Amino acid sequence: MSSTWTPKEGDVVKITQAIADLTSNEEYTLEEDSEGTLFITDDAMDRAYFSNETVTILLGLVKPATAYNEFAYKVDSILGPLKDLLVAKNAKYGNSALEPVRIFSKASAIEQILVRLDTKINRLSNNLQSGDSKNDSLDDLLGYLVLLKIAIKEESQNA
Amino acid sequence: MLEKNLDIVLARIRSTLIFKNKAYGSVSEFKQILSVLPATENLKVSIDDKITRIKTAHGSEDELVYEDLVGYLILLLTLQEK
């Protein structure tokens, strides 16, 4: 089990040893109740809660059922913060990437995003050449690629 | 008093521009990779971003945003100087 894996709703887990009515080596899908508490349901539809008291024990007894889930977790761990970054910057910059004010630059939203991507690629290249492995430029680059996808989608919808 | 403050502000902006020029790469050596637009467009987009930032902040903007804006305008002038 990855030491960074955090169980969440939808993850398929395998119980590595029998506990209560749960069968060893059976796969269960984690569910989440209205209060955000994770639980798994056995064949008899009894809920086995991941309560605060037992969560530490249970975490030692479950693991992602397949390598896919562990990979999915890794992808989520990048995309989750990226979404937060995009939403925060969108609020801070007033949706300027998708709806540019066009005071100095008269280019389209898509062209402006391409220019920003070039800026980030130039910066990233410069950082890597100078041995600076800061992730900020990489996050910005990913963010602008997402914005480019949105802009292209919106343009095709409006065409 | 005005001249003294002018010297302080301009020196700070000059120092920041030189630092960023080294840290992020020179704007005059900007490489077009995805965009077909000239390097000046990169600065114009950044200037528009700063203007939007000031407009969106409704008075609660970081003071540095003004220095960034002036910095980009100066860089635009330096490119036109070539």
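Trainee: What share of the contacts in chain B with a separation of 6 or more comes from residues 24 or more positions apart?

Mentor: Good place to start, and keep in mind that this is a predicted model. Chain B has three helices and zero strands, running α-α-α from the N terminus on. Among its contacts with a separation of 6 or more, the part that joins residues 24 or more positions apart is 58%.

Trainee: How many of the residues of chain B count as buried, as a percentage?

Mentor: Being buried takes a relative accessible area under 20%. The accessible surface of chain B comes to about 5,500 Å², with 59% of that belonging to carbon and sulfur atoms. Of the 82 residues in chain B, the buried part is 33%.

Trainee: Which helices of chain A each supply at least two residues of the largest nonpolar core?

Mentor: That core has 12 residues, including Leu98(A), Ile110(A), Leu124(A), Tyr144(A) and Ala151(A). Apart from it lies another core, of 10 residues, with Phe30(B) and Leu69(B) among them. For the largest core, the helices you want are H3 (109-129) and H4 (136-158).

Trainee: Leaving aside neighbours within four places in sequence, which residues is Ala151(A) in contact with?

Mentor: Ala151(A) is one of the residues of the largest nonpolar core. Contact here asks for heavy atoms within 4.5 Å. With the sequence neighbours set aside, the partners of Ala151(A) are Leu98(A), Ile110(A) and Ile113(A).

Trainee: Which residue lies over the face of Tyr24(B)?

Mentor: Don't look for a ring partner, as the structure holds zero aromatic pairs over all chains. What sits over this ring, at 3.8 Å from its centre, is Arg123(A).

Note on methods: Residues are numbered from 1 along each chain as its sequence is written. Chains are lettered from A and ligands numbered from 1 in the order in which they are written. This is a predicted model: local features need pLDDT of at least 70, side-chain atom pairs count only at pLDDT 80 or more; totals for chains, interfaces and linings use all residues. Side-chain values use heavy atoms; hydrogens and water are left out. Rings of Phe, Tyr and Trp (its six-membered ring) pair if their centres lie within 6.5 Å; planes under 30 degrees apart count as stacked, over 60 as edge-to-face and the rest as tilted. A charge sits over a ring if NZ of Lys or CZ of Arg is within 6 Å of the ring centre and within 35 degrees of the ring normal. A nonpolar core is a set of buried Ala, Val, Leu, Ile, Met, Phe, Trp, Tyr and Cys residues joined through side-chain atoms within 4.5 Å. Buried means under 20% relative accessible area, exposed over 50%, partly exposed in between (1.4 Å probe, protein chains only). Helices (H or I, at least four residues) and strands (E, at least two) are DSSP runs, numbered from the N terminus. Accessible areas come from the Shrake-Rupley method with a 1.4 Å probe; for residues, only the protein chains shown count as cover.
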